[in-house]
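Hi,

Here is the structure I promised to send over. Have a look at it first, and then read on for what turned up.

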Amino acid sequence: SFSQPGLTQPASAGSLARTLGLMTEAGFQCSTCGQYNAELPLVLGAPAPAAWDALSPEDRTEYSAISSDQCVINGEHFFVLGRLEIPILDRAEPFTWLCWVSLSEENFDRACELWQQEGRESEPPYFAWVQSALPYPGGTLDLKASLITKPLGQRPLVQLQACDHPLYIEQSRGITMERVRQIVEAALPAA
């Protein structure tokens, strides 16, 4: 049976949101449904990588597991949840996608080895592939990235590798609060 410390069956999306203590900004009127939302979230993300979501419950075998930070599928595919930050122009805090990335088994094992260790931020970045389906033209699965380890208590950063994808351009150049509203409207289900 598969055993990786800290990995359990998936939490609900609601419990993940409560656990994360999502940052918010002043509310907005949804241009799609017309509903007023009291808060504009500055952090969004999926509770699991796209590959986990694609599995049927019976395919989530004893060799697969997920936690709020890590996921392993069939003992062959390895994922970590990171922060893909997009600067908001004229603001100190960024808009953040909580973004799953896949790592090689070797890099995943190394990240796990250092997960609770002081000084882990001195680890070189790991090559990664984006594994969160974010609402961008052309999709975001399999964009090349680097996973940058941060100090204990902080999720790693996801830095996209240079390309012409709109997400990379936004991460590089920053976005306006109006663009944040557009992202939130595209990402959140209609009420």
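A word on terms before the details: a residue counts as buried when its relative accessible area is under 20%, as exposed when that area is over 50%, and as partly exposed in between. Please also keep in mind that this is a predicted model.

**Cysteines**

With that cut-off, Cys71 is buried, because its relative accessibility is 0%. Cys99 also comes out as buried, again at 0%. As for disulfides, the structure holds 0 of them.

**Salt bridges**

How many salt bridges does the structure hold? The count is 6. Let me start with Arg155, which pairs with Asp69; their closest N and O atoms are 2.4 Å apart. This pair ties together distant parts of the chain, 86 residues apart: Arg155 sits in the loop between strand 9 (144-148) and strand 10 (157-160), while Asp69 belongs to the loop between strand 4 (65-66) and strand 5 (70-73). Arg155 has a relative accessible area of 17%, so it falls on the buried side of the 20% cut-off.

Then there is Arg91 with Glu93, where the closest N and O atoms are 4.0 Å apart. Both ends of that bridge are partly exposed: Arg91 has 34% relative accessibility, and Glu93 has a relative accessible area of 24%.

Arg179 bridges to Glu170, with 2.5 Å between the closest N and O atoms. Is Glu170 buried or exposed? Glu170 is buried, with a relative accessible area of 11%. Finally, Arg110, Glu113 and Glu123 are joined into one network by salt bridges that share partners. As background, side chains of opposite charge can pair when their charged atoms come close.

**The cavity**

The search gave 1 cavity of 30 Å³ or more. The largest cavity has a volume of about 90 Å³. Which residues line the largest cavity? They are Val80, Ala111, Leu114, Trp115, Arg120, Glu123, Tyr126, Leu147, Thr149 and Pro156. By type, that lining divides into 7 nonpolar, 1 polar and 2 charged residues. Glu123 is worth a second look here, since the name comes up twice: Glu123 is in the lining, and Glu123 is also part of the salt-bridge network with Arg110 and Glu113.

**Helix 3 and strand 7**

Helix 3 covers residues 105-114, and its buried residues include Phe108, Ala111, Cys112 and Leu114. In general, an α-helix has 3.6 residues a turn, so residues three or four places apart point the same way. What covers the buried residues of helix 3? The cover includes strand 5, strand 6 (77-86), strand 7 and strand 8 (126-130). Two of the buried helix residues, Ala111 and Leu114, also appear in the lining of the largest cavity.

Strand 7 runs over residues 95-103 and contains Thr96. At 6% relative accessibility, Thr96 counts as buried. Leaving aside neighbours within four places in sequence, Thr96 is in contact with Leu42, Val43 and Leu44, and also with Arg83, Leu84 and Glu85.

**Two loop residues with positive phi**

Most residues other than glycine have a negative phi, so you may want to look at Asn74 and Asp90 on the backbone plot. Asn74 has a positive phi of about 55° without being a glycine. Asn74 lies in the loop between strand 5 and strand 6 and is partly exposed, with a relative accessible area of 34%. For Asp90, phi is near 65°, also a positive value in a residue other than glycine. Asp90 is placed in the loop between strand 6 and strand 7. With a relative accessible area of 84%, Asp90 is exposed, because that is over 50%.

**Helix 4**

Last stop: Ile169, in helix 4 (residues 166-173). Ile169 is partly exposed, with a relative accessible area of 31%. Not counting residues up to four places away in sequence, Ile169 touches Asp164 and Gly174. The C-alpha atoms of Ile169 and Ile86 are separated by 9.5 Å, with the two residues 83 apart along the chain.

Cheers

Notes. Residues are numbered from 1 along each chain as its sequence is written. This is a predicted model: local features need pLDDT of at least 70, side-chain atom pairs count only at pLDDT 80 or more; totals for chains, interfaces and linings use all residues. Side-chain values use heavy atoms; hydrogens and water are left out. A salt bridge is a side-chain nitrogen of Lys or Arg within 4 Å of a carboxyl oxygen of Asp or Glu. Helices (H or I, at least four residues) and strands (E, at least two) are DSSP runs, numbered from the N terminus. Buried means under 20% relative accessible area, exposed over 50%, partly exposed in between (1.4 Å probe, protein chains only). A disulfide is a pair of cysteine sulfur atoms within 2.5 Å. On a 1 Å grid over the protein atoms alone, a cavity is a set of points where a 1.4 Å probe fits but cannot get out, and a pocket is an open set with protein on both sides within 12 Å along at least five of seven lines; lining residues have an atom within 4 Å of a point. Grid points are joined across faces, edges and corners, and a volume is the space filled by probe spheres set on the points. Ala, Val, Leu, Ile, Met, Phe, Trp, Tyr, Cys and Pro count as nonpolar, Asp, Glu, Lys and Arg as charged, and the others, Gly among them, as polar. Contact means heavy atoms within 4.5 Å.
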